[in-house]
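Student: I would like to go through this model with you, starting with its pocket. May I ask questions as we go?

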Amino acid sequence: MINILDINDAQLMVATASGIGRSCGMAFWDGGQYHFGQSAVSELRRKPLETKSDFWTSLNTQPLSPAFGNARHSADLVYSHLKALLGTSDDLDDLVIVTPANVGDDQLSLLLGILQSLSINISAVIDRSLIATHSGGRRSVHIETQWRQLLITEIIESEGERSVAETKPLPGFGLLDCYEQILERCADRCVDQTRFDPRRSADSEQALWNAVPDILTAL
């Protein structure tokens, strides 16, 4: 079985013979340790200053400003997140990494170094846009939703080979932005119908935020 680490900060996924693990690219600092994924999302509206959602897209070794917990830079957060996601599984030899098209060479080198420091051998790195598009045409477009942006990648096919022609991020059109718009609309409806604004309380705003994914599922 091929072991895969699929990297998209809206939902990271690791698939091994032992099963599938998922976690979104959100970190929460509780004053003593980091929590990642859904447990961090559940604190986003209640404690926004203690949460961070951009450390995957801004993967680098530049000092964090403002500081966030005891991490020196976003690479420290990515390291901690991968360590929590991958755990101590023995099934991770020859790991295949699937990355978005906007991961640059410097970020990829840094990511590979982080995985090597976790004693994980990498067998291949694959651009998601190249394997997700349909074959048979000379030009195709891959659209990927990330946390804080929409990523549009143009793929060119020539003589049976595909290559990335252009990658364009659209900030402000990501999954979190979608959630925030839905929350605002639902809160406005609450005000219209009940005269109660859930945004007046951090707890009630967080409760509404937590309900947004179920609202989308119901629709």
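**The pocket, the cysteines and two glutamates**

Tutor: Please do. The largest pocket has a lining of 13 residues, and those nearest its centre are Ala10, Cys24, Gln38, Val41 and Trp147. Please keep in mind that this is a predicted model.

Student: How much space lies in the largest pocket?

Tutor: The space in the largest pocket comes to about 230 Å³.

Student: Which helices and strands each supply at least two residues of the lining?

Tutor: Strand E3 (19-23) does, as do helix H1 (38-41), helix H5 (175-194) and helix H6 (202-218). H6 provides the largest share of the lining, with three residues.

Student: And what is the lining like by class?

Tutor: Eight of the lining residues are nonpolar, four are polar and one is charged.

Student: Back to Cys24. Is Cys24 buried or exposed?

Tutor: Cys24 counts as buried, because its relative accessibility is 10% and the cut-off for buried is under 20%.

Student: Why is there no bond between Cys24 and the closest cysteine?

Tutor: The closest cysteine sulfur belongs to Cys178 and is 15 Å from the sulfur of Cys24, which is too far for a bond. Over the whole structure, the search finds zero disulfides. Cys190 is likewise in no disulfide, with the nearest cysteine sulfur, in Cys186, 6.9 Å away.

Student: How accessible is Cys190?

Tutor: Cys190 has a relative accessibility of 28%, so it counts as partly exposed.

Student: Let us change topic. Where is Glu144 found?

Tutor: Glu144 is in strand E11, which covers residues 139-145. Glu144 counts as buried, with a relative accessibility of 5%.

Student: Which side chains are joined to that of Glu144 by a polar contact?

Tutor: There is one polar contact with the side chain of Asn8, at 2.9 Å. Another, at 2.5 Å, is with the side chain of Arg128.

Student: What else does Glu144 touch, leaving out residues up to four places away in sequence?

Tutor: Besides Asn8 and Arg128, Glu144 touches Ile7, Pro100, Gln149, Leu150 and Leu151.

Student: What about Glu154, where is that found?

Tutor: Glu154 is in strand E12, residues 149-158. The side chain of Glu154 makes a polar contact of 2.7 Å with that of Arg139.

Student: Which residues is Glu154 in contact with, beyond its neighbours within four places in sequence?

Tutor: They are Arg139, Ser140, Ser163, Val164, Ala165 and Glu166.

Student: One more residue, Ala211. Which helix holds it?

Tutor: Ala211 is in helix H6. Its relative accessible area is 28%, so Ala211 is partly exposed. From Ala211 to Ile152 the C-alpha distance is 29 Å, and the two residues are 59 apart in sequence.

Student: Finally, the whole chain. How many helices and strands are there?

Tutor: The protein chain has six helices and 13 strands. Its C-alpha atoms fill a box of roughly 60 × 45 × 35 Å along the principal axes.

Student: What share of the chain is buried?

Tutor: Of the 219 residues, 41% are buried.

Student: And how many of the contacts link residues 24 or more positions apart?

Tutor: Among contacts with a separation of 6 or more, 56% are between residues 24 or more positions apart.

Notes
Residues are numbered from 1 along each chain as its sequence is written. This is a predicted model: local features need pLDDT of at least 70, side-chain atom pairs count only at pLDDT 80 or more; totals for chains, interfaces and linings use all residues. Side-chain values use heavy atoms; hydrogens and water are left out. Helices (H or I, at least four residues) and strands (E, at least two) are DSSP runs, numbered from the N terminus. A polar contact is a pair of N or O atoms within 3.5 Å; within protein, one must be able to donate a hydrogen and the other to accept it, and residues adjacent in sequence count only if both atoms are side-chain atoms. Contact means heavy atoms within 4.5 Å. On a 1 Å grid over the protein atoms alone, a cavity is a set of points where a 1.4 Å probe fits but cannot get out, and a pocket is an open set with protein on both sides within 12 Å along at least five of seven lines; lining residues have an atom within 4 Å of a point. Grid points are joined across faces, edges and corners, and a volume is the space filled by probe spheres set on the points. Ala, Val, Leu, Ile, Met, Phe, Trp, Tyr, Cys and Pro count as nonpolar, Asp, Glu, Lys and Arg as charged, and the others, Gly among them, as polar. A disulfide is a pair of cysteine sulfur atoms within 2.5 Å. Buried means under 20% relative accessible area, exposed over 50%, partly exposed in between (1.4 Å probe, protein chains only).
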